[in-house]
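Here's a model to look over together. Have the sequence and the coordinates open, and follow along strand by strand.

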Amino acid sequence: QAQVVESGGGSVQAGGSLRLSCAASGYTASIKTMAWFRQAPGKEREGVAVIWTDGGGGTVYADSVQGRFTISQDSAKNTVSLQMNSLKAEDTAIYYCALATYAGIWFGSLDRRTYRYWGQGTQVTVSS
């Protein structure tokens, strides 16, 4: 089993920035990717950004955040951050960190079905 903990949510005005962090612990040897998803009230959970943590460091972003958000792997191997700049009101959501393993079924890098381990989520509120 792996455990996932997010931190760094909060409230900010439109145009501002926030940084989220995600730390994985437990059985992390088989982690393939770490990703951020978000879920706004009344909407489905959607993929935001993903990073391959096996040394390749490749990233993929949703079109809605491309150029504004940056996902990165921190010096601690199983920790990633999401830097969110130029925030908009429509970015308001609960943000979840998730892990995909090599043993799991791959539906796509930003497909929630790919991810087995999830954090509890952290609220991000952007006021206009």
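What follows is a walk through the sheets, the cores and one loop residue. Keep in mind that this is a predicted model.

Let's begin with an open sheet of 4 strands, ordered β1-β3-β8-β7 and paired in the antiparallel sense. β1 and β7 sit at its edges with a single partner strand each, so one side of each has no neighbour in the sheet. From one strand to the next, the twist averages 15°. Zoom in on the β1 and β3 pair and you'll find 6 antiparallel bridges, with Ser7 matched to Ser21 in β3.

Now move over to β11, which pairs with two strands in opposite senses. With β2 (residues 10–13) it runs parallel, joined by 4 bridges, and Gln13 has Ser127 as its bridge partner there. With β9 it is antiparallel, over 3 bridges, and here Tyr95 is partnered with Thr122. In a regular strand, side chains alternate between the two faces of the sheet. You can follow that along β11: Thr122, Val124 and Val126 lie on its covered face, while Gln123, Thr125 and Ser127 make up the uncovered one.

So what fills the interior? In soluble globular proteins, nonpolar side chains tend to be buried together. Here the largest nonpolar core has 30 residues, and Met34, Trp36, Leu82, Met84 and Tyr95 are those with the most contacts inside it. Plenty of strands chip in: β1 (2–7), β3 (18–26), β4 (31–39), β5 (46–52), β7 (69–73), β8 (79–84), β9 (93–101) and β11 (122–127) supply at least two residues each. There's also a second, separate core of 6 residues, with Ala35, Val50, Ala98 and Ala100 among them.

Which residues does Leu82 touch, if you skip those up to four places away in sequence? The list runs through Leu18, Arg19, Leu20, Trp36, Val48, Ala49, Phe69, Thr70, Ile71 and Tyr95. Two of those names, Trp36 and Tyr95, also appear with Leu82 among the residues with the most contacts inside the core.

One last stop is Thr53, in the loop between β5 and β6 (59–61). Is Thr53 buried or exposed? Its relative accessible area is 5%, which is under the 20% cut-off, so Thr53 counts as buried. Leaving out neighbours within four places in sequence, Thr53 is in contact with Ile31, Lys32, Thr33, Met34, Gln73, Lys77 and Val80.

Key: Residues numbered from 1 in each chain as written. Predicted model: local features only at pLDDT ≥ 70, side-chain atom pairs only at ≥ 80, totals over all residues. Heavy atoms only, no water. Core = buried A, V, L, I, M, F, W, Y, C linked by side-chain atoms within 4.5 Å. Buried < 20%, exposed > 50% of the residue type's maximum accessible area, 1.4 Å probe, protein only. Contact = heavy atoms within 4.5 Å. Pairing = 2+ DSSP bridges. Axes fitted to C-alpha atoms, helices over the stretch in contact; angles between N-to-C directions.
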